[in-house]
Amino acid sequence: LVNEWNQTSEKITGFKKKEVLGKDLVETYITEDYRVAVKQVLDNALKGKETANYEFPLFTKDGKRVMVLLNSSTRRDTAGKIVGVLGVGQDISEIDKLRTESESIAKELRQFIETANAPIFGIDSKGLVNEWNQTSEKITGFKKKEVLGKDLVETYITEDYRGAVKQVLDNALKGKETANYEFPLFTKDGKRVMVLLNSSTRRDTAGKIVGVLGVGQDITILNEYKENLE
């Protein structure tokens with residue numbers, strides 16, 4: 001039952017101290033989907049096991065949710081007996097909103113990569129495949145699970161193009177991107193698929209280069225027309 005509720009708790013939730021004192025914190029002010037988890041955190045603190053940086057939502061008086069980052073501390077009396085829990089929190093609603101939006105954008109981008117009507121593949125800094133979308137599967141016959149972790153150049157590029165393709169990817173790993181580069185991929189049944197590639201350098205949040213993302217276009221038919229014309 002609530003026995004502490006400071007001015008900032010009043011401010012972010014809209015509930016005055018006199019309204020909450022003596023009420024069951026979890027059952028009254030925690031959103032239903034988090035009640036079991038929050039109760040576990042508080043029960044742990046009542047057994048002396050404290051939790052740091054736990055996120056949970058509080059109800060506000062007008063029915064909104066406030067995301068709080070909580071540090072729970074066990075409260076003891078002068079004899080050392082556990083008598084309650086003190087929670088020190090931080091309102092992270094705006095951060096949580098931005099994170100949710102970022103996750104939504106990331107999910108959309110992931111969906112775009114997977115379903116794009118163009119072969120999209122990625123390699124890490126060692127040249128090992130870490131992206132392989134549905135169109136890459138379709139034009140080569142290799143499933144994603146078959147190619148992940150494999151050396152792209154050594155395994156899927158025809159021998160006569162390995163040196164040149166490796167140079168393009170190595171350049172991208174140094175920040176020098178290449179547009180409209182043609183190269184052939186092996187298919188599962190031993191055929192060649194001509195791909196027009198745009199290579200983009202991939203960086204982490206700190207700006208460090210971590211790989212390459214290749215967005216291609218199957219130009220096998222166009223290449224055959226060109227060879228016939230020649």
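Is Tyr 29 buried or exposed? Tyr 29 is buried, with a relative accessible area of 3%. Hello everyone, and keep in mind that what you have in front of you is a predicted model.

Let me stay with that tyrosine for a moment. Tyr 29 forms an aromatic pair with Phe 15, and the geometry is edge-to-face, at 5.0 Å centre to centre with 70° between the planes. Phe 15 sits in the loop between α1 (7-13) and α2 (17-20), while Tyr 29 belongs to helix α3 (residues 25-29), so the pair ties together parts that are 14 residues apart in sequence. Phe 15 counts as buried too, at 15% relative accessibility.

Now to the sheets, starting with the one made of three strands. This open sheet has the order β1-β2-β3, with antiparallel pairing. Its edge strands are β1 (51-59) and β3 (82-91), each of which pairs on one side only. On average, neighbouring strands here are turned by 40° against each other, direction ignored. If you look at strand β2 (residues 65-76), you will find nine bridges joining it to β3. For one example, take Asn 71, whose bridge partner in β3 is Val 88.

Which helices go with this sheet? Helix α4 (residues 35-45) lies across β1, β2 and β3, and runs at about 135° to β1. Helix α5 (residues 93-115) also packs on the sheet and touches β1, β2 and β3, with its direction making about 125° with that of β2.

Please hold on to α5, since I'd like to show you one of its residues. Glu 114 is found in this helix, and it is buried, with a relative accessible area of 16%. What does Glu 114 touch, leaving aside its neighbours within four places in sequence? The contacts are Trp 132, Asn 133, Gln 134 and Lys 144.

That tryptophan takes us to the other sheet. Here five strands form an open sheet in the order β5-β4-β8-β7-β6, and the pairing is again antiparallel. The edges are β5 and β6, each pairing on one side only. Neighbouring strands of this sheet are turned by 30° against each other on average, direction ignored.

Let's walk through it from β4. Four of the five residues of β4 are buried, so this strand is largely enclosed by the rest of the structure. Five bridges join β4 to strand β8 (residues 209-218), and three bridges join β4 to β5. Gly 122 is a handy landmark: its bridge partner in β8 is Leu 213, and in β5 Gly 122 stands opposite Glu 131. β4 and β5 form a hairpin with four residues between them, and Gly 127 in the turn has a positive phi of about 85°.

At the other end of the strand order, seven bridges join β6 to β7. There, Phe 186 stands opposite Arg 192 in β7. Helix α10 (residues 220-229) packs on this sheet, touching β6, β7 and β8, and its direction makes about 125° with that of β7.

So much for the framework; what about the inside? In soluble globular proteins, nonpolar side chains tend to be buried together. The largest nonpolar core in this model has 23 residues, of which Trp 132, Leu 152, Val 165, Leu 169 and Phe 183 touch the most other members. The elements giving two or more residues to this core are β4 (120-124), β5 (129-132), α8 (152-156), α9 (162-172), β6 (178-186) and β7 (192-203). Which of them gives the most? That is α9, with four residues.

Val 165 is a good place to zoom in: not counting residues up to four places away in sequence, it touches Val 153, Ile 157, Tyr 181 and Phe 183. There is also a second, separate core of 16 residues, which includes Val 38, Phe 56, Val 66 and Val 68.

Let me finish with the aromatics. The count comes to eight aromatic pairs. Besides the one I opened with, Trp 132 and Tyr 156 form a tilted pair, 5.8 Å centre to centre with 40° between the planes. This pair links distant parts of the chain, with Trp 132 in strand β5 and Tyr 156 in helix α8, 24 residues apart. Trp 132 is buried, with a relative accessible area of 1%, and Tyr 156 counts as buried at 3%. Both belong to one aromatic cluster, formed by Phe 121, Trp 132, Phe 142, Tyr 156, Tyr 181 and Phe 183. Thanks for listening!

Methods
Residues are numbered from 1 along each chain as its sequence is written. This is a predicted model: local features need pLDDT of at least 70, side-chain atom pairs count only at pLDDT 80 or more; totals for chains, interfaces and linings use all residues. Side-chain values use heavy atoms; hydrogens and water are left out. A nonpolar core is a set of buried Ala, Val, Leu, Ile, Met, Phe, Trp, Tyr and Cys residues joined through side-chain atoms within 4.5 Å. Buried means under 20% relative accessible area, exposed over 50%, partly exposed in between (1.4 Å probe, protein chains only). Contact means heavy atoms within 4.5 Å. Rings of Phe, Tyr and Trp (its six-membered ring) pair if their centres lie within 6.5 Å; planes under 30 degrees apart count as stacked, over 60 as edge-to-face and the rest as tilted. Two strands pair if DSSP finds at least two bridges between them. Axes are lines fitted to C-alpha atoms, for helices over the stretch in contact, and angles run from 0 to 180 degrees between N-to-C directions.
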